[in-house]
Amino acid sequence: MSEDKLCPDIPNRPTGPLPVITVAAVIMVDIDGRILLAQRPEGKSMAGLWEFPGGKLEDGETPERALIRELKEELNIDITEACLAPFTFASHSYEKFHLLMPCFLCRRWDGIVRGLEGQALKWVRINELKDYPMPPADEPLIAMIRDFL
Ligand SMILES: Nc1nc2c([nH]c(=O)n2[C@H]2C[C@H](O)[C@@H](COP(=O)(O)OP(=O)(O)OP(=O)(O)O)O2)c(=O)[nH]1
Ligand SMILES: [Mg+2]
């Protein structure tokens, strides 16, 4: 048997176990097909990068409940579970944790989007997404969104 590996190890990948953190995210699409990005504020990890709205699940919370809560807290809008369509997920090892991020699509919400936590918000066309640097976990999602929209 050859020792050659079909899938070589990714360099610099930590070998010890990483805590798995679940973050729910939503790709909000407006009537013109633009997508909402939020900029991570100064003082947070990955500050300045653009992300899909959402956040970490609290104990006992489903991804859908977490998004309903986060979008109210962060964007001042109301959404319902029925308007959250499971779309894809990201699974990515950062240095200190492994991110598991279920991503939903949402085209309907109540209220006007407003950044309640001082974060910059931007409605972006799919072809412009490349101009907004995103966390590494998000990079594979861009092609999936482009294929879908
Ligand atoms: N909401 C969101 N988070 C993302 C995306 N991509 C990505 O790597 N993340 C990471 C950044 C954070 O580590 C985590 C989001 O959790 P959070 O928004 O509740 O985190 P936080 O800023 O309160 O806390 P932290 O980053 O200081 O740990 O997931 C994304 O598209 N949307
Ligand atoms: Mg958040």
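In what sense do strand 1 and strand 6 pair, and over how many bridges? In this predicted model, the two strands run parallel to each other and are joined by seven bridges. One of the residue pairs involved is I27 with L105, the latter sitting in strand 6. That pairing is a handy way into the rest of the chain, so a quick overview comes first.

The chain holds seven strands and two helices, and from start to end they follow the pattern β-β-β-β-α-β-β-β-α. Of its 149 residues, 23% count as buried. Contacts reach a long way along the sequence: taking those between residues at least 6 apart, 64% link residues at least 24 apart. A UniProt annotation from an unreviewed entry, "domain: Nudix hydrolase", covers residues 18-149. Over that stretch, strand makes up 31% and helix 17%, with 34 Å between the C-alpha atoms at the two ends.

Back to strand 1 and strand 6, which belong to an open sheet of four strands in the order 4-1-6-5, with mixed pairing. Strand 4 and strand 5 (85-93) take the edges; each has a single partner strand, so each is left with one side that has no neighbour in the sheet. From one strand to the next, the twist averages 20°. Helix 1 packs on this sheet and touches strand 1, strand 4 and strand 6, its direction making about 60° with that of strand 1. Helix 2, for its part, lies across strand 1, strand 5 and strand 6, and runs at about 155° to strand 5.

There is a second open sheet, this one built from three strands in the order 3-2-7 with antiparallel pairing. Here the edges go to strand 3 (50-51) and strand 7 (121-124), and because each has a single partner strand, one side of each lacks a neighbour in the sheet. Strand 2 and strand 3 are held together by two bridges in the antiparallel sense. A38 is bridged to E51 of strand 3.

Which elements feed the largest nonpolar core? That core has 28 residues, and the members touching the most others are A25, V26, L67, M101 and C103. Two or more residues come from each of strand 1 (20-28), strand 2 (35-39), helix 1 (63-75) and strand 6 (98-106). Strand 1 is the top contributor, with six residues. As a general backdrop, nonpolar side chains in soluble globular proteins tend to be buried together. A25 gives a feel for the local wiring: beyond its neighbours within four places in sequence, it is in contact with F52, P53, G54, M101 and C103. Two of those partners, M101 and C103, are also on the list of core members with the most contacts to other members.

The annotated positions come next. Under "binding site", the unreviewed UniProt entry lists G54 and E74. These span 21 residues in sequence, yet their C-alpha atoms are no more than 8.2 Å apart, so they gather at one spot. G54 belongs to strand 4 (residues 54-56), whereas E74 is part of helix 1.

Is each of the two buried or partly exposed? G54 is buried, because 22 other C-beta atoms lie within 10 Å of its own. E74 has 19 C-beta neighbours inside 10 Å and therefore counts as partly exposed; the cut-off for burial is 20 or more. Their contacts beyond four places in sequence can be listed in turn. G54 touches V23, A24, A25, V26, L67 and E70. Among these, A25, V26 and L67 appear in the group of core residues that touch the most other members. For E74, the contacts are P53, L116 and E117. P53 is also a contact of A25.

Finally, helix 2 (residues 139-148) contains A143. This alanine counts as exposed because it has 10 C-beta neighbours inside 10 Å. A143 and L49 lie 94 residues apart along the chain, and their C-alpha atoms are separated by 18 Å.

Note on methods:
Residues are numbered from 1 along each chain as its sequence is written. Chains are lettered from A and ligands numbered from 1 in the order in which they are written. This is a predicted model: local features need pLDDT of at least 70, side-chain atom pairs count only at pLDDT 80 or more; totals for chains, interfaces and linings use all residues. UniProt positions are given in the numbering used here, feature names are shortened, and annotations may be inferred rather than shown by experiment. A nonpolar core is a set of buried Ala, Val, Leu, Ile, Met, Phe, Trp, Tyr and Cys residues joined through C-beta atoms within 7 Å. A residue is buried if 20 or more other C-beta atoms lie within 10 Å of its own, exposed if 12 or fewer, and partly exposed in between; C-beta atoms are placed from the backbone. Two residues are in contact if their C-beta atoms, placed from the backbone, lie within 7 Å. Two strands pair if DSSP finds at least two bridges between them. Axes are lines fitted to C-alpha atoms, for helices over the stretch in contact, and angles run from 0 to 180 degrees between N-to-C directions.
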